[in-house]
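Me: Hi! I am new to reading protein models, and I would like to go through one with you. Could you take my questions one by one?

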Amino acid sequence: YILVGAVPVETPRSYLAFFISGFIAICAMILPGISGSFLLVIMGKYEQILTALNQRDLPVILIFIAGCIIGLALFARVLSYLFAKHHDILIAGLMGFMIGSMRKVWPWKEILMTRVDSHGEIVPVVEKNIFPNLDSPVTYLCIGLGIAGFLLVTILDKLQTTKEHS
């Protein structure tokens, strides 16, 4: 919950920083509720990586990819071990990540602070979740779609469970 509310920082443009950001971003990509690209934004690396890709800065790209490959290889083993030895605690932690990420995906927000990005566009930096306006039909549409999504996942899970038992 605290992580998704963090304000982006600026980090150095060193090869070590690119390696570590690749390592962290790929680990987040295989966990539910955490976005690797969001972590790159928080670490101040998202725009730097995009710039490196656009300018075809091969050393930065290769070091970032190396961080991703090593991070994926190591974290997949750690995750496999944790699933085998501490399944329930790991599932509880992953559920915590998903619940905590609700802060970011909550559709009703008030923008408290903005900044101008490198393209001259105004982007929100600090947002506050607010209670939805109950007079708006859009609110009820969002709630209805949320309920429909929950029901669809529940039905598909029941169908899968029935199919596995038969």
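Reply: Gladly! Keep in mind that this is a predicted model. A good place to begin is the pair formed by strand 1 (residues 109-116) and strand 2 (residues 122-129).

Me: In which sense do strand 1 and strand 2 pair, and over how many bridges?

Reply: Two strands count as paired once there are at least two bridges between them. Strand 1 and strand 2 meet that rule, and their sense is antiparallel. The number of bridges is seven.

Me: Which residue in strand 2 stands opposite M113?

Reply: Look across from M113 to strand 2. The residue standing opposite is V126.

Me: Which residue in the turn of this hairpin has a positive phi?

Reply: Strand 1 and strand 2 form a hairpin, with five residues between them. In that turn, one residue has a positive phi of about 80°. That residue is G120.

Me: How far apart in space are G5 and V126?

Reply: G5 sits in the segment before helix 1, and G5 is partly exposed because its relative accessibility is 31%. In sequence, G5 and V126 are 121 residues apart. In space, their C-alpha to C-alpha distance is 7.7 Å.

Me: Which helix gives the most residues to the largest nonpolar core?

Reply: The largest nonpolar core has 20 residues, and those with the most contacts inside it include L31, L40 and F75. Helix 1 (15-29), helix 2 (36-42), helix 3 (46-54), helix 4 (58-85) and helix 5 (87-100) each supply at least two residues. The one that gives the most, with six residues, is helix 4.

Me: Is F64 buried or exposed?

Reply: F64 is found in helix 4, and F64 is among the residues with the most contacts inside the largest nonpolar core. Buried means under 20% relative accessible area. F64 has a value of 14%, so F64 is buried.

Me: How far apart in space are F64 and L16?

Reply: Along the sequence, F64 and L16 are 48 residues apart. From C-alpha to C-alpha, the distance in space is 9.1 Å.

Me: Why does F38 count as buried?

Reply: F38 belongs to helix 2. The limit for a buried residue is under 20% relative accessible area. F38 counts as buried because its relative accessibility is 17%.

Me: How many disulfides are there?

Reply: A disulfide needs two cysteine sulfur atoms within 2.5 Å. By this rule, the count is zero. Take C68, for which the nearest cysteine sulfur, that of C27, is 9.0 Å away. C68 is thus in no disulfide, and the count remains zero.

Me: Is R56 buried or exposed, and what is its phi?

Reply: R56 lies in the loop between helix 3 and helix 4. R56 has a relative accessible area of 67%, so R56 is exposed. Most residues other than glycine have a negative phi. R56, however, has a positive phi, near 55°.

Me: What is the area of the nonpolar surface patch that includes I147?

Reply: I147 lies in helix 7 (residues 137-165), and I147 counts as partly exposed because its relative accessibility is 48%. The patch is made by I147 together with others, including F131, Y140, F150 and L159. Its area is about 1200 Å².

Notes: Residues numbered from 1 in each chain as written. Predicted model: local features only at pLDDT ≥ 70, side-chain atom pairs only at ≥ 80, totals over all residues. Heavy atoms only, no water. Patch = residues over 30% accessible without salt bridge, like charges linked within 9 Å, V, L, I, M, F, W, Y side chains within 5 Å. Areas by Shrake-Rupley, 256 points an atom, 1.4 Å probe, with all protein chains shown as cover. Salt bridge = Lys/Arg side-chain N within 4 Å of Asp/Glu carboxyl O. Helix = DSSP H or I, 4+ residues; strand = E, 2+ residues; numbered from the N terminus. Buried < 20%, exposed > 50% of the residue type's maximum accessible area, 1.4 Å probe, protein only. Core = buried A, V, L, I, M, F, W, Y, C linked by side-chain atoms within 4.5 Å.
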